[in-house]
Amino acid sequence: MNQGSAGQLLQLIRSGRATTRGELRRVTSLSRSTVGARLDQLFGAGWVREAGGPAGTSTGGRPALRLEFDTSHAVVLAADLDTRHARVAVTDLGGAVLAERTARLVVEDGPAVVLPLLARLGAAVLGEASRPAHAVCGVGLAVPGPVDDGRLVQPPIMPGWDGHPVAALLGARLAEEAGTPTGLPVLVENDANLMAYAEQRHGHPDCSAFLLVKVATGIGAGLVVDGGVYRGVDGGAGDIGHIRLADAPDALCRCGSYGCLAAVASGRALAEQLTALGVPAQTAAEVRELLADGRPEAVRLAREAGRRVGEVLATVVSLINPGVLMIAGDLAGPPFLTGVRELLYQRAMPRTTVHLQMVTSRLGERAGLLGAATMVVDLLYGAEQADARLAAAVPDAAPGPGVRAAG
């Protein structure tokens with residue numbers, strides 16, 4: 001990649017490393033004319049603007065204007081798909097939510113039913129945000145299953161979705177329902193990965209090894225290392241819900257195996273256990289409500305589930321040595337956290353936990369949405385992709401009068 005390209009200058013501006021023309025020249029060692037030419041590309045695309053006030057302290061002469069990424073230039077459609085509901089939002093390029101909707105669904109109905117619903121929700125939130133369809137630069141979708149190259153791979157709690165080209169299908173449906181451009185970039189990623197990406201970026205940007213564990217219908221983890229999501233060789237990293245427990249050989253998991261952590265400690269498992277005790281519950285969300293009401297049976301089972309997860313995390317933490325461990329999802333309350341702490345700190349070596357921060361979600365139910373939106377923006381406006389889009393000069397949003405937008 002050309003270190004002096006327009007895309008590289010865009011990264012310097014977005015990161016805050018260089019926010020004036022002079023700083024760009026100092027950081028890149030480019031000439032005044034070359035920096036000016038690169039900025040003209042970014043101005044013409046509508047991606048960068050000069051702020052009205054001066055940047056920094058003037059040293060005499062004309063004050064330098066601050067350069068900033070124009071987050072209003074385009075919008076992102078983001079969706080977070082769960083087993084019983086979906087959340088869809090339109091955000092600006094800085095992650096600010098402009099409009100949002102939630103709808104009930106059944107993920108087991110499959111992509112032929114669920115994807116058209118997501119597309120209709122996308123059209124609705126675009127209308128509520130008063131943004132035209134051609135303002136959408138990309139789409140991000142969080143799903144509760146392993147993803148490789150835009151396709152779900154044997155997702156245990158999403159029967160009927162294995163191998164479907166979700167990205168292509170959703171893009172086509174959005175073009176039909178919302179009028180978005182054909183061939184719109186659509187990013188599909190595991191929900192725990194996207195939650196981890198958003199939580200690390202927004203709340204723990206200095207943490208070089210960030211681990212998020214989502215405990216809801218199933219159990220999954222997202223790992224962010226040096227600012228990037230670690231996916232493994234084919235998207236299977238973080239699937240800790242299917243680590244086997246030696247003392248639970250009769251617990252049948254949705255994946256078809258016996259003894260998985262999710263079969264004894266997930267929200268679905270606790271709903272089944274509570275129902276067997278005479279406390280009816282069908283979903284992880286209902287377990288969360290019982291915990292909020294302080295039902296003794298739910299509190300006891302949640303603490304025990306936390307202990308089982310903590311038992312597995314003792315190994316995970318020893319292997320990864322994260323700086324932050326975040327517990328998120330329907331069960332992420334005091335009883336569950338207490339159980340995790342009991343086993344984690346008992347089983348793990350003190351050396352691996354002495355600097356460990358154990359926290360809960362800051363972004364709450366929007367974490368998956370914001371992670372999807374952030375990852376789309378980082379992909380499309382990353383240096384290499386930005387240069388390719390500038391070269392192609394395909395419109396991706398409504399430009400201002402007399403301005404040609406880059407795709």
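Good morning. I begin with Thr20, which is found in the loop between α1 (6-15) and α2 (21-28). The model we are looking at is a predicted one. Is Thr20 buried or exposed? With a relative accessible area of 8%, Thr20 falls under the 20% limit and is therefore buried. Its side chain also has a partner: the side chain of Thr20 reaches the backbone nitrogen of Glu23 at 3.1 Å.

Before going further, a word on confidence. The protein chain has an average pLDDT of 92, and 93% of the residues score at least 70. Residues 394-407 have a pLDDT below 50, and beyond near neighbours in sequence this stretch has 44 contacts in the model.

Let me turn to strand β3, residues 75-81. How many residues of this strand are buried? The count is 7 of the 7, so β3 is largely enclosed by the rest of the structure. The side chains are divided between two directions: Val75, Leu77, Ala79 and Leu81 point one way from β3, while Val76, Ala78 and Asp80 point the other way, and all are buried.

Which strands pair with β3? One of them is β4, residues 85-92, which pairs with β3 in the antiparallel sense over 7 bridges. Within this pairing, Ala79 has Val88 of β4 as its bridge partner. The connection between β3 and β4 is a hairpin that passes through 3 residues. Strand β6, residues 136-143, also pairs with β3, here in the parallel sense and over 6 bridges. In that pairing, Asp80 stands opposite Ala142 of β6.

Next, a sheet formed further along the chain. In what order do its strands lie? The order is β12-β11-β10-β13-β14: 5 strands that form an open sheet with mixed pairing. At the edges stand β12 (228-229) and β14 (357-360); each has a single partner strand, so one side of each is left without a neighbour in the sheet. Strand β10, residues 209-215, runs parallel to strand β13, residues 324-328, and 5 bridges join the two. Val213, for example, has Ile327 in β13 as its bridge partner.

Following β14 along the chain brings us to Gly364, placed in the loop between β14 and α13. Its relative accessible area is 36%, so Gly364 counts as partly exposed. Gly364 and Glu199 are 165 residues apart in sequence, and their C-alpha atoms are 9.3 Å apart in space.

I now come to the aromatic residues. A pair of aromatic rings is described by the distance of the centres and the angle of the planes. How many aromatic pairs are counted here? The count comes to 2. One is formed by Trp47 and Tyr381: the ring centres are 5.1 Å apart and the planes stand at 75°, so this pair is edge-to-face. Trp47 lies in the loop between α3 (32-45) and β1 (48-54), and Tyr381 in the loop between α13 (367-380) and α14 (383-392), so the pair ties together parts that are 334 residues apart in sequence. Trp47 and Tyr381 are both buried.

The other pair is formed by Phe69 and Tyr381, and it is edge-to-face as well, with 5.2 Å from centre to centre and 65° between the planes. It also links distant parts of the chain, since Phe69 belongs to strand β2 (residues 65-69) and Tyr381 to the loop between α13 and α14, 312 residues apart. Phe69 is buried, as is Tyr381. Together, Trp47, Phe69 and Tyr381 form one aromatic cluster.

Two arginines accompany these rings. The charged end of Arg14 sits over the ring of Phe69, at 5.1 Å from its centre. Arg389 lies over the face of Tyr381, 4.6 Å from the ring centre.

My last element is helix α8, residues 267-276. Which of its residues are buried? They are Gly267, Arg268, Ala269, Leu270, Ala271 and Leu274. These buried residues pack against α7 (261-265), α9 (284-292) and α10 (296-320). Just after α8, Gly278 takes a positive phi of about 90°.

To close, I would return to Tyr381, which is in the cluster with Trp47 and Phe69 and has Arg389 over its face. Thank you for your attention.

Note on methods:
Residues numbered from 1 in each chain as written. Predicted model: local features only at pLDDT ≥ 70, side-chain atom pairs only at ≥ 80, totals over all residues. Heavy atoms only, no water. Pairing = 2+ DSSP bridges. Helix = DSSP H or I, 4+ residues; strand = E, 2+ residues; numbered from the N terminus. Phe/Tyr/Trp six-rings, centres within 6.5 Å; stacked < 30°, edge-to-face > 60°. Buried < 20%, exposed > 50% of the residue type's maximum accessible area, 1.4 Å probe, protein only. Lys NZ or Arg CZ within 6 Å of the ring centre and 35° of its normal. Polar contact = N/O pair within 3.5 Å; in protein donor to acceptor, adjacent residues only side chain to side chain. Contact = heavy atoms within 4.5 Å. pLDDT = per-residue confidence, 0-100.
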